[in-house]
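I opened this notebook to keep track of what I looked up, going from the whole chain down to single residues.

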Amino acid sequence: MTEKTKQELSFLEGPVFGALIRFALPVLGALILQAAYGAVDLLIVGQFGDAASISAVGTGSAFMQMVTFVITSLAMGSTVVIGQHIGEKKPKAAGDTVGTTIILFTSLGILLTILLELFAGNVVSLLQVPAESVEKTIQYIRICSAGIVVIIAYNVISGILRGVGNAKLPFLFVGIACIINIIGDLFCVGILHMDVAGAALATITAQLVSVIMSMYVLRKQTLPISFSRGQCKICSRELKRILNIGIPIALQEAMVQISFLVVNSIINEMGLMQSAGYGVAQKLITFIMLVPSSIMQSVSAFVAQNIGAGKKERAKKGFFTAIIAGCSVGVVIFFGGFFGGAWMSSFFTSDAGVIAQSADYLRGFTPDCILTCILFSSIGYFNGCGKSIPVMIQGITSAFCVRIPVSVFMSRLPQASLALVGLATPITTVYGIFFFIFCFMRLKRN
């Protein structure tokens, strides 16, 4: 076994809260920066472009975010399997998982690039993009699709590192990407006036630089796994474990993201201003939801290592600790989003109408800041245990049985507003919480 560096964090001993916080803070920092370089596109386009450009970047980035989230969710299978092997003290098996992951996701990236380049127009048509934004949205998606292999590479590298307990390096890599993207956006959009195309090009360039830097840094690291180039091949045993865990998680995330895209299309039909306002609100929500997202990733890694080491009670303690910590922060975020939505939206655009629509949506959405900390902690626990089927069922049923029907109902009320449509999300989360309460009761009985 290779000697573990100080950058890898063991979850198997010591205070639970301290271990979770030390891991969650770099994860949160990385997520903040990752959201920032996505938000910078909208922020700069909002200052130099019009409502059609804002709508195009908002809708196009929402679709690309869906693709990225599904990839990240599939990569969670690798994170969990690596974490379990670390807990089992099997560095060679962890190396086999890394090699299998590299081949699997490289193939997936090439396939997705071809499909998205060919069918970008069909995607935009399905999203019911306002006529003024159609061509710009297609342009944004096609440019981003050309760099999908780069996006996959970054997320896979981050997933592998988190599996071994290292959250600091992903934080560093995304920080590099954020800085490059800001410079690229200011140059391409602000100076060259490339509008939507410039924003997309800057994003892909930033992630390419980040991946190159991450590969250079990794060559200098000593990780608690045994890995060589000869292991860059499909190991059927590890592939099966990755897919058994990752596919249900990815399907769950895909259904959730598709449901949000359906909500996006519902709002697009309400008008250009509502579409632009929702695009701005979604960028803010990306930041708002970072706390529960970092908690979910931390719980998954924490539980995976402890389950691998046979410490089930410690895994449960980590789960409950995460809920308490997350909800405490969620209360603060709720008040900020509910009462300060207009002020926060003004950072992305000076259009008063777009600001008003964005703030309206946030008023309906923000109760989810508290509720999601409970839901995401539950998802993280089941993912870490390798029991991702309940996660998949919850994601599919909440998306198609709750979020979409409630959004459609709210949008067709006589006094329909974005605040009412926004309420669909916390209502959906309440359903998810009760679903997992039922799952925990069954798990305890069994």
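How many helices and how many strands does the secondary structure of the protein come to? I noted first that I was reading a predicted model, and then that its secondary structure comes to 17 helices and zero strands. I next looked up the radius of gyration, which is 21 Å and close to the 22 Å that the globule rule gives for 446 residues, so the protein is as compact as a globular protein of that length. Along the principal axes, the C-alpha atoms fill a box of roughly 60 × 50 × 35 Å.

**Entry: burial, contacts and surface.** I looked up burial and found that buried residues make up 60% of the 446 residues in the protein. For the contacts with a separation of 6 or more, I wrote down that 84% are between residues 24 or more positions apart. The protein exposes about 17,900 Å², and carbon and sulfur atoms supply 69% of that area. For the charges, I noted 30 positive and 19 negative ones, whose mean positions are 16 Å apart.

**Entry: aromatic rings.** The structure holds 16 aromatic pairs, and I looked at two of them in detail. Why is the pair of Phe-338 and Phe-339 called edge-to-face? Their ring centres are 4.9 Å apart and their planes stand at 75 degrees, and a plane angle over 60 degrees counts as edge-to-face, so the pair falls in that class. I also checked how far each of these residues is covered: Phe-338 counts as partly exposed at 30% relative accessibility, whereas Phe-339 is exposed, with a relative accessible area of 63%.

The other pair I looked up is that of Tyr-361 and Phe-365, which is stacked, with 6.3 Å from centre to centre and 20 degrees between the planes. Because they are four residues apart in helix α13 (residues 352-365), Tyr-361 and Phe-365 are separated by about one helical turn. Both Tyr-361 and Phe-365 are buried.

I then followed the ring pairs further and found a cluster in which they link Phe-319, Phe-320, Tyr-381, Phe-382, Tyr-431, Phe-435, Phe-436 and Phe-440.

**Entry: one residue and its surroundings.** I ended with Thr-59, whose place is in helix α2 (residues 51-88). Is Thr-59 buried or exposed? Its relative accessible area is 2%, and since buried means under 20%, Thr-59 counts as buried. Leaving aside residues up to four places away in sequence, I found that Thr-59 touches Leu-127, Val-129, Thr-137, Asn-264, Asn-268 and Ser-275.

How values were computed:
Residues are numbered from 1 along each chain as its sequence is written. This is a predicted model: local features need pLDDT of at least 70, side-chain atom pairs count only at pLDDT 80 or more; totals for chains, interfaces and linings use all residues. Side-chain values use heavy atoms; hydrogens and water are left out. Helices (H or I, at least four residues) and strands (E, at least two) are DSSP runs, numbered from the N terminus. The radius of gyration is taken over C-alpha atoms; the globule rule is 2.2 Å times the number of residues to the power 0.38. Buried means under 20% relative accessible area, exposed over 50%, partly exposed in between (1.4 Å probe, protein chains only). Contact means heavy atoms within 4.5 Å. Accessible areas come from the Shrake-Rupley method with a 1.4 Å probe; for residues, only the protein chains shown count as cover. Lys and Arg count as positive and Asp and Glu as negative; His and the chain ends are not counted. The place of a charge is taken as NZ of Lys, CZ of Arg, CG of Asp or CD of Glu. Rings of Phe, Tyr and Trp (its six-membered ring) pair if their centres lie within 6.5 Å; planes under 30 degrees apart count as stacked, over 60 as edge-to-face and the rest as tilted.
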